[in-house]
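Hi,

Here is the structure I promised to pass on. Have a look at it first, and then my notes below should be easy to follow.

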Amino acid sequence: MANKKNKVIELQNAVVRFAGDSGDGMQLTGNLFLDSTAIVGNDFATFPDYPAEIRAPQGTISGVSGFQINFGDKNIHTSGDLANVLVAMNPASLKANMNWITNDAIIIVDTDAFTEKNLEKAGYETNPLMDGSLSGHLVVDAPITSMTRDAVKDLQLDNKSAQKSKNMFALGMVLYMFNRTYDNTIKFFEQKFKTKPLVIEANKRVLIAGYNFADTIEAFASTFKVEPAPLQKGLYRNVTGNLATAWGFLAASERSGLNLFLGSYPITPASEILQEIAKHKQFSAIAFQAEDEIAGIVSTIGASFAGAMAITTTSGPGLSLKSEAIGLAVMTELPIVIVDVQRGGPSTGLPTKSEQSDLMQALYGRNGEAPVIVLAANSAADCFYAAYEASKLAIEHMTPVILLTDGSLANGSEVFLIPEVASLPEITPPVVEANDPDYKPYKRDKKTLARRWAIPGTEGLRHRIGGLEKEDVTGEVTYDPLNHEKMVKLRQEKVERVADYIPKLTVTGEDEGDLLIVGWGGTYGVLLTAIEELREEGKKVSLVHFKHIMPLPKNTEKVLSKFKRILVCENNMGQFINYLKMNFPKQNYLQYNKVQGLPFKVAELKEKINSLLNE
Amino acid sequence: MEKVIKTPELKLTKKDFESDAMVKWCPGCGDHAILKAVENVFPVLGIPKEKFVVVSGIGCSSRFPYYMNTYGVHGIHGRAAALATGIKLTNPDLSVWMISGDGDSMAIGGNHFIHVVRRNPDINLLMFNNKIYGLTKGQFSPTTPKGAKTKTSPQGTFEAPFNPGELVMGAHGKFFARVVDTNIKMMTQVFEEAAGHKGTSVVEILANCVIFNNKIHALITSRETKEENQLFLEAGKPMIFGKERDKGIVLRGTKLEVVKIGENGITEKDILVHDPTTEDSGIHTMLASMMPPEFPAALGVIRSVKSETFEKAIWNTVEREKKESKLKSVDDLLRTGNTWIKE
């Protein structure tokens, strides 16, 4: 392929954002670019940014759909603060993304879409391509729509079909820009549209036309290259957080020898987990789409009673609805996992945006003293391991576990080193053998305090459990005051003892010093990037990031106590900092919060940390 | 009627199912008789005792699982249908019994009730309808007659009640029966039929709350009036009732009507013959709707239609997918789609 004439600039990383109308196929375009990124061997992370409405009015800001990818020659932990390259398929997608690009970003626009009508829909009074407002940027004017039509002219498609593949024109241009080949993308067309040769041909022609156009017009003074990242040896793939979550559960089901049962109700941004599990009946995984959130979790409790590895998935409002039933699982001491893919709240809030504001609800949002294990996945790929660990802890400790992920992890994707399922830790369900003369429903394991699991259908173990308070050991219903207090304490201690079965915290940077940055859950990538960059710049700052929230790792206090100041960064008003203050009141805490439905930017974190270091 | 194949060597008795928990329903409560009837039925179904699971929600009726020596879950208010569904889907081999009341199944659990009926898992749903909230001490329920004075309706209720049978029909239910708590023999017979039916079998039990709604079903159940007000339906038999067995039900135009045999030229041949197996639920709905004083209350199995169960449909698909899928393990799954090797 002829792109030798330009200068090639080597970059450490680049952020590309594809933006268009929600019907323009920007997610597919982004994913195809991602595939080519994987082949090159870069590390990467992505984030889709799409409207809550399925088909918002065409051409308007609210209808803009975007896909951002950050790829580099080193480890990449975030999808990038600001884009270096923006593809804007219409005026609205340009306007919507002006705050999300660097000051010197390259902007590829479809000039055909900058009509008076579209400019008006986007709320532009003058044409930004003409009025000088884009100065500082390299704007690549490309009549994408008309050239797409030309490329497929003799295929005799109707006007609408002829324009459909215009996203591939843009992709062709970006592939050229980064010195990539298009062979693999064409292979994708051939597989995807196997039975539609005309569609294959149209997409192929348009893709190549875009590639050649970029070459011919010499739009880019130079092209770019990002070298492969020094990733660990092995087999890789791309995963979104929701996909990784679903697969983590399937792996835990296989490894535990228990069939997977998912009782769930569709809710953004958690539905993909339900959709994924529903595909895998070959593993005896049952996905039950219930009539509401409550039936979702209660069927899960039923399945757990009957001996399944039982899980339910939801997002914030759904977790609220499940509260009473989580209490039932606490009382019956049955293993279930509740996944809460957090989104902006309260109420319906920001369904497609991300937040970390369900932490207190996860920890305490139930009547009575109702402790559960709470875990928070750290990254899209980590969702696999978090789901696996949540299952293991639930089963082996006979307790509900709440696994918190969030909208950014759920839909964002990153590189995933594929493990062998056999290499994952063993899961040992505490199932009681038939006719065990020693069996009592609430007799506990001495170490874990977990009761044992007597599965219906097993001879000699008939018993009743339920939401009423149970007598210690026998499980008979009793309102005895001292027994109640004893059981409350036993349930609490059972969860606290899980601290013996989870890893200790590890610190990035020095183990002691002036400033420790603390985060939990989905902010890991951006916090780590900020800390790595600051440390490269010679700053003394350390990071500790929590995946285990209840119970906290055993060395938490020890780690915190080695620093003069602790900055807790969260996408909420300060829920984790208050939890830490409650548990370890002696430390000197500071907080940094962002509640905009958006992840932190590396730059703003660095600015905040620098200001503290300079104090 | 499809019956579970009996294995005589099991030889279970009532004793096998009596738990040692003290039964704490009020003396004179209809629930005692229902418990007796269930204890009659479980030993004769040919099912090993460890395969029974009794689940419930909240309410007086929902204490039931504690009184049966089986596997059992006493759940939360209104959600027993979801518990039962999760259990049955996980292990279709279990005989799942759901015990509920009119508050539990018609109010807080109304949504779950219609959906479990619609999905048709093979569970037996016994709904104790005493038309009142008993455990919370006397508030009206969704089946309380309009205008009835209760603790929360001191001037009488302002709302029309549900008829559970109509909800079952509306949700395309496949089995609906009605019995009275005053007739253990009738309950035993109908529960056995419900157990034999593959699919969700809803049995409405007209139950008496001796404390908060005493004699609410008296027209149907009292010694003096029951024969005039009970129509016990049997498949293939004409719908005849009354002390003298001289009254019957006919279909006139689009409506049911009570007629007297021997009057106006009516003979037994004119009387409607019960067929619980018709897919069309039109007549079944009309039968379920009949109430005294205009009509007798229809008792017995009103509707029993064969249909594939929810769990069977799902597990058949599991078996097929196991054979047909290229994915034999999660390792295979993790390696689907685009993967690349880093040397």
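E9(A) pairs with strand E12 (residues 339–342) of chain B, antiparallel and over four bridges. If you want a spot to zoom in on, Tyr236(A) sits opposite Trp340(B) in E12(B). Bear in mind throughout that this is a predicted model.

That strand pair belongs to the topic of how the two chains meet. The contact involves 57 residues of chain A and 49 residues of chain B. On the chain A side, the elements that each give two or more residues include helix H1 (26–40), strand E9 (234–240), helix H9 (241–256) and strand E17 (464–466). H11(A) has the largest share there, with nine residues. By type, the chain A side splits into 29 nonpolar, 16 polar and 12 charged residues.

The sheet is worth a look too. Nine strands make up an open, mixed sheet, and the order is E17(A)-E2(B)-E1(B)-E3(B)-E4(B)-E6(B)-E5(B)-E11(B)-E7(B). E17 of chain A and E7 of chain B are the edge strands, each with a single partner, so one side of each has no neighbour in the sheet. Ignoring direction, neighbouring strands are turned by 20° against each other on average. Within the sheet, strand E5 (residues 175–180) and strand E11 (residues 297–304) of chain B run antiparallel and are joined by four bridges. Phe175(B) has Ser304(B) as its bridge partner in E11(B). Helix H6 (residues 184–196) of chain B packs on this sheet, where it touches strand E4 (123–129), E5, strand E6 (201–206) and E11 of chain B. The direction of H6 makes about 165° with that of E5(B).

Now the interior. The largest nonpolar core has 265 residues, and those with the most contacts inside it are Met173(A), Val174(A), Leu403(A) and Val203(B). Helix H14 (residues 382–397) of chain A gives the most to this core, 10 residues. To see what surrounds Val203(B), leave aside residues up to four places away in sequence: Val203(B) then touches Leu125(B), Leu126(B), Met127(B), Ala177(B), Val179(B), Val190(B), Phe191(B) and Ala194(B). There is also a second, separate core of six residues, with Tyr133(B), Phe140(B), Cys209(B) and Phe212(B) among them.

Over in chain A, try strand E13 (residues 336–342). Seven of its seven residues are buried, so the rest of the structure largely encloses this strand. Both faces are covered: one side has Ile336(A), Ile338(A), Asp340(A) and Gln342(A), the other Val337(A), Val339(A) and Val341(A), and all are buried. Strand E12 (residues 309–314) of chain A pairs with E13(A) in the parallel sense over five bridges, and Thr312(A) has Ile338(A) as its bridge partner in E13(A).

Last, the domains of chain B. Domain 1 covers 8–233 + 276–283 + 290–316, and domain 2 covers 238–273. Their C-alpha centres lie 29 Å apart. Eight residues of domain 1 are in contact with seven residues of domain 2. On the domain 1 side, helix H8 (226–229) and strand E7 (230–233) of chain B each supply at least two residues, and E7(B) has the largest share, three residues. That side of domain 1 divides into five nonpolar, one polar and two charged residues.

Cheers

Conventions: Residues numbered from 1 in each chain as written. Chains lettered and ligands numbered in written order. Predicted model: local features only at pLDDT ≥ 70, side-chain atom pairs only at ≥ 80, totals over all residues. Domains from an automatic or database assignment. Contact = placed C-beta atoms within 7 Å. Nonpolar A, V, L, I, M, F, W, Y, C, P; charged D, E, K, R; others polar. Core = buried A, V, L, I, M, F, W, Y, C linked by C-beta atoms within 7 Å. Buried ≥ 20, exposed ≤ 12 C-beta atoms within 10 Å, placed from the backbone. Pairing = 2+ DSSP bridges. Axes fitted to C-alpha atoms, helices over the stretch in contact; angles between N-to-C directions.
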